[in-house]
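Reader: Before I rely on any label attached to this model, I would like to see the reasoning behind it. Could you take me through some charged pairs and the terms used for them?

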Amino acid sequence: MNIYKFYSNGLYIVLDVNSGAIHIVDKMVYHVMDIFDGSNDEVVLSTFANQYTEAELREVLSELHQLIDDKKLFTPMLEVPLTFSQKPLVKSVCLHVAHDCNLRCGYCFAGTGDFGHSRGLMTKEVAEQAIEFIIQNSGPRINSEIDFFGGEPLMNMDTVRHAVSYVRRRETETGKKFKLTLTTNGVLLNDEMTAYLNENNISLVLSLDGRRQVHDNMRPFANGRGSYDMVRENVTKAIASRNDQNYYLRGTFTAKNLDFAADVLDMADQGCTQLSVEPVVSKDSQYALTEEHLPALFAEYDKLAQVYLERKRNGKGFDFFHFNLDLNNGPCVAKRLSGCGAGHEYFAVTPEGDLYPCHQFVGREEFLLGNVVDGVKNTELPNQFRQTHVLNKDECRDCWARYYCGGGCHANADLFNSNINEPYKIGCQLQKKRLECAIMIQAILMLESGK
């Protein structure tokens with residue numbers, strides 16, 4: 001598929017899939033695009049002869065041919081970069097500094113923190129070895145990323161502090177630069193920890209599921225008591241302390257709160273502006289999302305998109321991760337083809353120093369790659385992940401959204417289909433709906449700004 005068109009919020013939108021060019025057209029052009037393929041002007045003229053004059057049709061055809069000449073319509077398929085046949089450079093690692101957690105979230109893919117194994121904390125030595133792993137395997141690349149993850153990483157702040165100090169020293173010694181992120185449930189996020197994270201410019205991913213009843217239903221303490229009040233207070237203070245910057249407040253919606261737009265807006269009403277709410281990925285559970293839920297979820301994204309636009313216009317806007325889309329300067333070709341880079345550019349490190357393709361694969365022993373001391377020993381899997389890009393996936397190759405999603409989540413594909421080449425279908429449907437909303441929003445904002 002080289003062209004995708006849809007109608008949304010009063011706009012007729014045509015997407016040139018390969019270039020990413022977005023065209024806002026009138027109803028006539030929208031209909032012509034059902035027939036026009038760049039080489040069949042006479043067919044278009046005869047097909048619409050009873051609806052439009054020949055002069056009108058020829059004017060439209062002339063404009064469409066100009067777009068083709070400008071490489072904004074019917075552009076050719078992207079070519080796989082030569083770098084995909086070379087040894088990949090490691091760009092980021094996820095340090096599981098704690099395989100333990102102080103919450104017992106109902107949908108936790110990490111088995112409430114232990115990832116199906118014993119609970120434990122990463123030592124300072126393993127953290128150093130993991131940092132050396134990325135330095136040694138990043139080649140000439142300057143910029144890399146490290147995410148402190150769990151379980152709950154604030155349960156092992158001694159190792160986090162040591163790792164940060166070690167990273168900053170190694171930056172000076174090697175010329176490398178690291179962006180640091182910490183993902184936390186917020187329970188232990190007191191003033192002292194917040195000050196430390198701010199002083200060391202560590203980005204935060206903060207977990208909150210929106211409304212009190214929704215959050216407490218899925219994110220209780222081990223004794224069953226809800227965590228909302230404590231988490232709400234801690235994350236609000238942390239966000240204020242960094243002037244509403246350098247964070248994401250991230251929630252998860254399930255079959256128990258299909259009206260998730262209310263959760264996004266509840267967080268926005270609390271003054272938080274950097275928001276992300278993700279669909280739960282689960283099999284055979286009472287809160288799992290199914291195809292039967294899709295119509296309600298699509299309607300909810302439409303509702304959220306409308307409110308998002310209204311608030312932007314009224315100067316009370318917020319950023320919603322899935323609606324943030326740059327129509328002019330999208331990601332590089334490699335990123336568009338391969339997505340997150342799991343298994344070849346991105347690795348997860350367990351407290352014991354074992355390497356997995358990403359944080360969601362940890363505990364799936366068939367995906368164990370090696371360890372931070374000896375490096376990657378299973379050399380077949382990284383190549384398999386590297387070649388599992390959108391142009392090599394049967395269901396992605398002709399999908400209009402392929403260059404926006406990068407083929408979807410490998411871990412979800414494995415969970416549902418036992419095959420990283422076969423995407424998770426519900427995830428695909430939700431991604432495409434979000435993209436339609438995002439394209440519509442950005443197109444309207446550009447039109448209203450006169451750009």
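Author: What follows sets values from this predicted model against the cut-offs behind the labels.

Reader: Why is the contact between Glu 54 and Arg 58 called a salt bridge?

Author: The term asks for a side-chain nitrogen of Lys or Arg within 4 Å of a carboxyl oxygen of Asp or Glu, and the side chains of Glu 54 and Arg 58 meet at 2.8 Å, N to O, so the pair fits the term. The structure holds 23 salt bridges.

Reader: What separates Glu 54 and Arg 58 along helix 3?

Author: They are four residues apart in helix 3, which spans residues 54-69, and this amounts to about one helical turn.

Reader: Why is Arg 170 called buried, and how is Glu 173 classed?

Author: Buried means under 20% relative accessible area, and Arg 170 has 16%, so Arg 170 is buried. Glu 173, at 45%, falls between the 20% and 50% cut-offs and therefore counts as partly exposed. The two side chains meet in a salt bridge of 2.8 Å, N to O, and salt bridges that share partners join Glu 132, Arg 169, Arg 170 and Glu 173 into one network.

Reader: What makes Arg 119 and Asp 100 a pair that ties together separate parts of the sequence?

Author: Their closest N and O atoms are 3.1 Å apart in a salt bridge, while both residues lie in the loop between strand 5 and strand 6, so the pair ties together parts that are 19 residues apart in sequence.

Technical notes: Residues are numbered from 1 along each chain as its sequence is written. This is a predicted model: local features need pLDDT of at least 70, side-chain atom pairs count only at pLDDT 80 or more; totals for chains, interfaces and linings use all residues. Side-chain values use heavy atoms; hydrogens and water are left out. Helices (H or I, at least four residues) and strands (E, at least two) are DSSP runs, numbered from the N terminus. Buried means under 20% relative accessible area, exposed over 50%, partly exposed in between (1.4 Å probe, protein chains only).
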